[in-house]
Each structure stands twice: as structure tokens, then as C-alpha cells.
Amino acid sequence: MTGNKSMCLNSISQVLLTLLILHCLQCHSRPHSYDSKPLSEISKEIFKYSDIAQRIINLAVHGKAQNRSYERLAEFTDTIGNRVSGSKNLDLAIKYMYNALTQDRLENVHLEQVKIPHWVRGEESAVMLLPRNHTLAILGLGSSVGTPPGGIEAEVMVVESFEELQKRASEAKGKIVVYNQPFVSYGETVAYRASGASEAAKAGAVASLIRSVTPFSINSPHTGWQWYQPGVPQIPTACITVEDAQMMARMVRRGQRIVVRLTMGAQTLPDVDSYNTVAEITGSKHPEQVVLLSGHLDSWDVGQGAMDDGGGVAISWEALSLIRDLGLRPKRTLRTVLWSAEEPGGVGAAQYFQQHKANISNFDLVMESDLGTFSPLGLQFTGSDKARGIMKELMKLLAPINVTSLEEHGEGTDINMWMKAGVPGASLHTADQRYFWFHHSDGDTMSVQNPEEMNLCSAVWAVVAYVVADLEEMLPR
């Protein structure tokens with residue numbers, strides 16, 4: 001008995017020792033945060049980065065890297081062109097960026113597989129037959145079905161709101177509903193593009209044409225994704241120009257009957273394999289902890305996708321290049337992700353989240369640029385009050401280029417799921433008044449971009465990412 005008791009005590013001691021070791025390891029590996037440290041101390045720590053921030057700014061705005069993000073973007077978009085989800089051009093873009101990031105000597109450059117939608121526009125046209133002959137400029141909306149081979153010829157019904165459609169629903173059967181909704185804001189007005197087809201179909205319409213979601217037009221249609229509601233007939237849908245929508249509204253007010261023939265060869269093909277494109281600078285002390293920078297590599301199938309979102313891609317690449325050029329290596333890993341299939345609803349990013357959410361506690365900050373790389377004004381930020389206070393102090397490092405604003409609500413289709421899960425998130429805020437002039441249209445070309453503005457955006461992106469990644473502790477949740 002004595003021997004068995006001794007063995008039992010030894011076993012218990014070994015178990016307790018093992019549990020103690022595991023506890024210590026967990027404590028050591030658990031991400032640190034600033035929850036308990038006063039903001040005044042953190043502010044002093046951040047102030048010590050003033051010289052590094054100035055070096056990054058000088059390199060991006062005045063030094064050898066001046067205009068580099070612009071030139072990279074121009075070469076990329078001139079070479080590849082637009083890159084709609086599921087297309088061969090998107091495949092070419094991914095290969096191009098993989099090679100470019102590798103040649104730029106960034107670390108851990110790799111591709112992470114995802115499945116993405118493959119919608120094809122096909123041939124499309126719309127012609128007004130009555131009260132006069134007039135060719136309408138159109139762009140079919142993503143995921144739209146096509147018309148029968150001979151097209152659809154029908155009388156037009158013009159409405160200015162969903163409410164008007166509901167009141168006049170009895171008039172819509174067998175007609176093409178034209179929405180002439182006024183532009184209020186993108187966030188509010190885009191509902192007509194997203195849901196216009198299904199709302200019209202509920203009333204018996206055979207197709208819908210939506211006034212382009214833009215505050216400014218030179219007879220330019222703007223495309224985008226739309227979603228069919230379950231259980232509702234799927235009818236063809238396209239965007240028309242502001243000018244044509246307003247003209248048809250004037251015609252019906254005069255009592256004129258409008259007839260349009262719409263032909264669309266759109267079809268949705270099976271989902272295809274694609275990739276999120278990743279490059280890093282590995283952290284020196286906590287390589288498992290990550291500050292993520294991002295933009296989306298896909299675009300619409302018109303224009304060059306230079307603004308949406310070539311600019312966000314370029315500065316998320318450039319930020320790593322600037323830090324690498326200065327010989328800097330932060331404590332945490334800087335990871336640039338170029339998303340696939342954002343336009344159909346953040347498809348590639350959603351799969352990335354599912355693949356990586358098991359390590360969510362190691363994601364320090366997620367950043368996205370997808371509202372243009374015009375002159376930067378600051379950041380939009382989502383996070384705890386303590387994290388916001390830290391980020392406000394950090395933005396003071398950008399005073400030399402007058403970009404110190406920290407606003408509410410970080411946004412971005414590709415980082416929303418991280419922020420909803422509690423990870424701090426930031427989006428670039430620029431002087432984007434002209435963004436929706438060119439958005440999802442043939443006007444989204446390199447002519448919209450400005451090299452000096454992209455230099456400033458790159459500096460902001462690099463300073464914020466580097467300092468957050470190099471602070472002693474992670475941002476508090």
C-alpha cells in the first residue's frame with residue numbers, strides 16, 4: 001500500500017506540473033492588449049514613432065518610392081484590363097500579382113483557394129421603338145438572367161420609388177418597369193439596383209431597367225450586382241443612364257406610350273476555382289499576430305477597375321514595399337491580402353474568414369481600402385473606446401501630411417465579418433466626392449487616378465499598419 005500511495009502522489013505531482021506548464025504556455029502565447037495601461041503611457045509610446053513615420057512619409061511622398069504605387073497600378077491595369085469574377089482576366093490578374101509580389105521580394109507570397117461566382121454578360125442591347133427610335137445605353141446587372149433569344153418587347157412603366165410601384169402594381173403586369181429613382185446617397189439608392197428586379201417581378205413585370213446609381217452622368221450606365229429574392233420569378237434587369245431614365249419619365253408625364261425591346265445574353269455559369277493573393281512581412285517577436293491590409297483584385301467588366309479597387313490593391317502592396325525598403329520589421333506580421341470576388345458580395349473574403357477565424361484572437365487590426373485612393377482625409381474606425389483612443393493618438397503621427405481624422409464606422413465588404421466578430425477594423429477615408437461618378441462604369445480608368453494622391457494614401461496605409469504592428473501590445477477588443 002505504501003508503494004502504491006507513493007506512486008499515486010508522484011502521478012498527481014506530475015499532472016499538476018503538466019497543468020502548470022500548459023497554463024504558463026497559454027499565458028505566454030495569449031495575445032497581449034492595452035486593456036490595463038493608461039492612455040497617457042500609450043501616447044508616449046506612440047510618440048516615439050514620430051521619426052519612423054516621417055521616414056515612411058518622406059520615402060512615399062518625396063523619395064525614391066514617389067509615384068511608385070501609381071506606376072505599378074497603371075502597368076497592371078493597362079496590361080490586364082478589367083477582371084470580373086470568374087473570368088480569364090481575373091485569373092491573369094492573380095498570376096500577375098503573385099509574380100509581382102514575389103519579384104518585389106516580399107515574404108510568404110502565396111495563393112489561398114476559394115470558389116467564386118461566374119456570371120457572363122453576353123451580348124446586350126435596348127432600343128426604344130415608341131414614341132421614337134432611340135438606342136438606350138445599358139449595362140446588365142450581375143447575376144441577371146438573360147432574355148429569350150429574340151428579346152423582350154414591351155410597354156414601359158416608369159416609377160420613382162418602390163412605394164409608387166406598390167401603389168401602381170396592377171399596371172405593371174407584362175411591362176418593363178423603369179426606375180427613375182433620384183440619387184440620395186449610394187447606401188440608400190443602391191437598394192433599387194440590388195432589389196429592383198424582384199420588386200418589379202412581384203407585380204408581374206417582364207423586365208426592369210434601373211437608373212444608374214450615380215450623382216453625375218455623361219450618358220454613362222453603371223453596373224453592379226443584384227440579388228433575386230427566393231420564390232420570386234427571375235426577370236432580366238439592367239441599368240440605364242440617368243439621362244434616359246429622366247427622358248422616359250418626361251415622356252410618360254406627357255401621356256406618351258413607350259415601347260422598348262430589351263435583349264440580354266446574360267447567364268450564370270458554375271462557380272469556378274480562384275484565389276486570394278497574400279504577401280507578408282513576418283513579425284520579429286509575435287509572427288503569429290497579424291495586421292491585415294487589403295483591397296480587392298476583381299473588378300467589373302467595364303473600364304479598367306483602376307479606382308475600384310485597383311487603388312486599394314496598389315497601396316496595400318506599396319505599404320509593405322515602403323516598410324521593406326526602410327529595413328523595418330515590426331513585432332507582428334504585416335499581411336496584405338488581395339481579395340477575389342468582392343463585387344458579387346465579398347465571396348473570397350468570406351471564405352478567408354472561415355479558413356482563418358480559428359485564429360481570430362491573433363488578428364490585431366483589419367484594414368481595407370475600397371472607396372478610392374483620392375486625397376486622404378483620415379481613417380474610419382470600428383473598435384472599442386480604448387482602441388479608438390489609441391488610434392487617435394496614432395493618427396497624430398500623420399500631421400506632417402495633414403491626415404489626422406479618425407471617424408466612426410470602419411467599412412468594407414471584405415472586413416465586415418471580422419469587425420462583427422470583434423476585431424478592430426479601419427477603412428481609408430478620402431476626398432471621394434467623385435468616386436460614384438466613375439463607379440462600375442466605363443469611366444473607371446487610370447485617368448481617374450492621381451499619383452500625388454496615391455503617394456499620400458500609401459504613406460497613411462504604411463504608417464498606420466507598421467505602428468499598430470510594432471506596438472508593445474495588441475489593440476484592446
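In which helix does aspartate 309 lie? Aspartate 309 belongs to helix α9, which runs over residues 306–325. The legends below describe a predicted model.

**Figure 1. Overall view of the predicted model and its two domains.** The protein has 477 residues, of which 57% are buried. Its secondary structure consists of 14 helices and 16 strands, and the C-alpha trace extends over about 100 × 70 × 40 Å along the principal axes. Among contacts with a separation of 6 or more, 83% join residues 24 or more positions apart. The exposed surface of the protein is about 19,900 Å², with carbon and sulfur atoms supplying 53% of it. Domain 1 is made of two segments, 37–119 and 270–470, while domain 2 covers 122–265. The centres of domain 1 and domain 2, taken over C-alpha atoms, are 35 Å apart. Contacts between the domains involve 13 residues of domain 1 and 18 residues of domain 2.

**Figure 2. Close-up of the largest pocket, between domain 1 and domain 2.** Both domain 1 and domain 2 contribute residues to the lining, so the largest pocket lies between them. The space within the largest pocket comes to about 580 Å³. Its lining has 25 residues, and those nearest the centre are Tyr186, Glu342, Asp370, Thr413 and His439. At least two lining residues come from each of α7 (186–202), β16 (425–430) and α13 (435–438). Of the elements, α7 gives the most, with 5 residues. By residue class, the lining of the largest pocket holds 9 nonpolar, 9 polar and 7 charged residues.

**Figure 3. Close-up of the second largest pocket, with β5 and α8 in its lining.** The second largest pocket holds about 190 Å³ of space. Its lining is formed by 16 residues, with Val156, Met157, Val158, Arg168 and Val252 nearest the centre. Strand β5 (152–159) and helix α8 (242–253) each contribute at least two residues to this lining. The greatest contribution is that of β5, with 5 residues. The lining of the second largest pocket comprises 7 nonpolar, 1 polar and 8 charged residues.

**Figure 4. Close-up of serine 198 in helix α7.** Helix α7, which also supplies residues to the lining of the largest pocket, contains serine 198. Serine 198 is classed as buried because its relative accessibility is 0%. Beyond its neighbours within four places in sequence, serine 198 is in contact with Trp227, Tyr228, Gln229 and Val232. Glycine 231 is 33 residues away from serine 198 along the chain, and the C-alpha atoms of the two are 9.6 Å apart.

**Figure 5. Close-up of glutamine 226 in the loop between β7 and β8.** The loop that holds glutamine 226 connects β7 (207–211) with β8 (237–240). Glutamine 226 has 0% relative accessibility and therefore counts as buried. With neighbours within four places in sequence set aside, glutamine 226 is in contact with Leu141, Gly142, Ser143 and Ser144, as well as with Arg193, Ala194, Ala197 and Thr237.

**Figure 6. Close-up of two cis peptide bonds, leading into proline 131 and aspartate 309.** Most peptide bonds are trans. The bond joining leucine 130 and proline 131 is cis, with an omega of about 5 degrees. Proline 131 is placed in the loop between β2 (124–130) and β3 (134–136). The peptide bond from aspartate 308 to aspartate 309 is also cis, and its omega is near 5 degrees. Aspartate 309 is part of helix α9.

**Figure 7. Close-up of positive phi values at asparagine 108 and histidine 440.** Most residues other than glycine have a negative phi. Asparagine 108 has a positive phi, near 50 degrees, and is located in strand β1, residues 107–120. Asparagine 108 is partly exposed because its relative accessibility is 44%, a value between the limits of 20% and 50%. Histidine 440 likewise has a positive phi, of about 60 degrees. Histidine 440 sits in the loop between α13 and α14 (451–470). With a relative accessible area of 6%, histidine 440 is buried, as the limit for that class is under 20%.

Note on methods: Residues numbered from 1 in each chain as written. Predicted model: local features only at pLDDT ≥ 70, side-chain atom pairs only at ≥ 80, totals over all residues. Heavy atoms only, no water. 1 Å grid on protein atoms, 1.4 Å probe; cavity = no way out; pocket = protein on both sides within 12 Å on 5 of 7 lines; lining within 4 Å. Points joined across faces, edges and corners; volume = space filled by probe spheres on them. Helix = DSSP H or I, 4+ residues; strand = E, 2+ residues; numbered from the N terminus. Nonpolar A, V, L, I, M, F, W, Y, C, P; charged D, E, K, R; others polar. Domains from an automatic or database assignment. Buried < 20%, exposed > 50% of the residue type's maximum accessible area, 1.4 Å probe, protein only. Contact = heavy atoms within 4.5 Å. Areas by Shrake-Rupley, 256 points an atom, 1.4 Å probe, with all protein chains shown as cover.
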